[in-house]
Amino acid sequence: MDITLQNVEYRYQANTPFERLAIEDVSIDLPAGTFLALIGHTGSGKSTVLQHLNALIKPTKGTVKIGDTTITPNKKQKNLKHVRQRVGIVFQFPEHQLFEETVEKDICFGPMNFGVSEQEAKARARRAIQQVGLSEEILLKSPFELSGGQMRRVAIAGVLAMEPDVIVLDEPTAGLDPRGRQDIMNMFASLHQERNLSTVLVTHSMEDASRYADQIAIMHNGKVERKGTPAEIFSNPERLLELGLDVPEVVNLQHKLESAFGRKFAKTCLSMEDLAEEAMKLLKGGDSL
Amino acid sequence: MMEKMIFGRYVPAQSIIHRMDPRSKLILIFLFVCVVFIANNVYTYAALIIYTFAMILLSKVPVRFIIAGLKPVFLLVIFTLILHLFLTREGAIIFELGPITIYEEGLRQGIFISLRFFLLILMTSILTLTTTPIEITDGLETLLGPLKKVKFPVHELALMMSISLRFIPTLMGETDKIMKAQTARGVDFSGGPIKERVKAVIPLLIPLFVSSFKRAEELATAMEARGYRGGEGRTKYRQLSWRITDTMMLLLLAALSVILILLRT
Ligand SMILES: Nc1ncnc2c1ncn2[C@@H]1O[C@H](COP(=O)(O)OP(=O)(O)O)[C@@H](O)[C@H]1O
Ligand SMILES: [Mg+2]
């Protein structure tokens, strides 16, 4: 399913003294199968953009197209369930949304709201709990007796069980231990490939953005500052550093090597293997350094 | 989704009302509640309305915002009006249709009482919109100070109040977040039959309770860690200062009461 945002503006609490412009003139294309990473400082409007992706909020200007559904500021939308079923959002700290008596019931909650039979929902719950790396025994526990990391995984499983075509992740690994982060990111990456999903990831980790995403958008003060492939974005890191954002370690290292060698590499490398290879080429090439 | 609520919210601005001492505002509200009951005819109510709207204008809070925020209250006001219309059976009959009879006195009382109710809510809204919870608490604590002598837990009461007021916006933000999260999981909060809507409340309320309890516990720990042990021996950082405007405002209210007493029938 394709999603397009065209010149979207959103004001929180429009027409009150608390009115606040959160994003403006945001245009993002998300053809089916894309892995997009959204990067930017806290308050730059990332979460606000995400909420447009399944029509949780209506733009105050501009157009949002989600599959066949078009959302504009003044149109009243009746039933958006079909949109919500196909676009799953994992909110920041999704463990706050758990409420059922058992983990199983909580995971089944989403699918059953969209009309999936109880039996099928339970089967999905079993699959989802394995996907997020937990054992099936947990299904019968209360979500409130789990550890923070387990709760996070259960909440993610609850969204996976809806089997969406587009999965939207708002800092899904914030506050997890490094191991847990990696597990979860790898899980999303393999899911993205196996199910041919579109994935939108908000992250503060440049490493994750460069490793998993095929498109990166940089948000700054409510606007999309730059868009491009990871190689394009990280090929000139000055701008990123100006905005106070980091670049991946590899890119940093490449820049240090380049200034040490006094010459540019042929391309921007996004993995250590790549960089090693490029460096070797340069050294073996025997061109006078 | 709950963006228009105005209870417990503070609208920062530079106005006479904002700058008033919280003590004088509290006294003013308390007296206003009494003064409202003097009114008993069209002229006195007109005077009250003028006074209240003058206060709103002075506070520089946009009228449109207050009106939008009070929408849920309008329902209550209208309900009061209807109750009086149908239940009072005095005076001349002014309307009759089948089993419905409306008496003149019912109409009069209905309008007056709901108006009184409405003005009280407006005035208290001005108080909370122009005074930070901290100020309200400070003011209240000082005003009730003498009661400490009779072992009345003034400090605890003030603290409880300030905590509740402080957490109203937090709770509303949380409600909004959880509503969005559950909407994304297919809950429909806005439409559908009553039964469905009641059911939709559970996935909202349980997470709210859980997080409120957690927050209360964290707050208690944080307060203890910073050495809080109740009001005993606690010094004050913010000093209240009574200015000439505060006295003027009270005099203005006194003038209003005199006018009301003169106009009253
Ligand atoms: N519910 C809300 N009410 C008012 N303002 C908000 C709300 N949510 C976010 N904002 C404001 O909108 C801006 C963008 O916020 P957000 O999209 O959450 O940024 P990010 O996810 O990049 O940290 C911020 O300035 C924030 O203060
Ligand atoms: Mg955010």
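User: What makes domain 1 and domain 2 of chain B two separate entries, and how far apart do their C-alpha centres lie?

Analyst: In this predicted model, the C-alpha centres of domain 1 of chain B and domain 2 of chain B lie 28 Å apart. The bounds come from an automatic or database domain assignment, which gives residues 2–131 + 241–263 to domain 1 and residues 146–225 to domain 2.

User: What is the secondary structure of chain B, and in which pattern does it follow along the sequence?

Analyst: Chain B has 10 helices and two strands, and, read along the sequence, the pattern is α-α-α-α-α-β-β-α-α-α-α-α. Along its principal axes, the C-alpha trace of this chain spans about 65 × 55 × 40 Å.

User: How do you know which residues are around ligand 1?

Analyst: A residue is counted if one of its heavy atoms lies within 4 Å of the ligand, and the residues that meet this rule include Tyr12(A), Arg20(A), His41(A) and Thr48(A). Strand E2 (20–30) and helix H1 (46–53) of chain A each give two or more residues to this shell, and H1(A) gives the most, with three residues. By class, the shell has two nonpolar, eight polar and two charged residues.

User: Why is the pair formed by Ser47(A) and ligand 1 called a polar contact?

Analyst: The cut-off for a pair of N or O atoms is 3.5 Å, and an N or O atom in the side chain of Ser47(A) is 2.6 Å from an oxygen atom of ligand 1, so the pair qualifies as a polar contact. A polar side-chain atom of Lys46(A), at 2.9 Å from an oxygen atom of the ligand, and a polar backbone atom of Gly45(A), at 3.0 Å from an oxygen atom of the ligand, meet the cut-off too. The protein covers 72% of the 560 Å² of accessible area that ligand 1 has on its own.

User: What makes the space lined by Ile17(B) and Met20(B) a cavity, and what is known of its lining?

Analyst: A set of points is called a cavity where a 1.4 Å probe fits but cannot get out, and by this rule the count comes to four cavities of 30 Å³ or more. About 80 Å³ of space lies in the largest cavity, whose lining includes Ile17(B), Met20(B), Lys25(B) and Met123(B). Helix H2 (22–36) and helix H6 (104–130) of chain B each supply at least two of the lining residues, and by class the lining has eight nonpolar, no polar and one charged residues. Lys counts as charged, so Lys25(B) is the charged residue in that lining.

How values were computed
Residues numbered from 1 in each chain as written. Chains lettered and ligands numbered in written order. Predicted model: local features only at pLDDT ≥ 70, side-chain atom pairs only at ≥ 80, totals over all residues. Heavy atoms only, no water. Polar contact = N/O pair within 3.5 Å; in protein donor to acceptor, adjacent residues only side chain to side chain. Areas by Shrake-Rupley, 256 points an atom, 1.4 Å probe, with all protein chains shown as cover. Helix = DSSP H or I, 4+ residues; strand = E, 2+ residues; numbered from the N terminus. 1 Å grid on protein atoms, 1.4 Å probe; cavity = no way out; pocket = protein on both sides within 12 Å on 5 of 7 lines; lining within 4 Å. Points joined across faces, edges and corners; volume = space filled by probe spheres on them.
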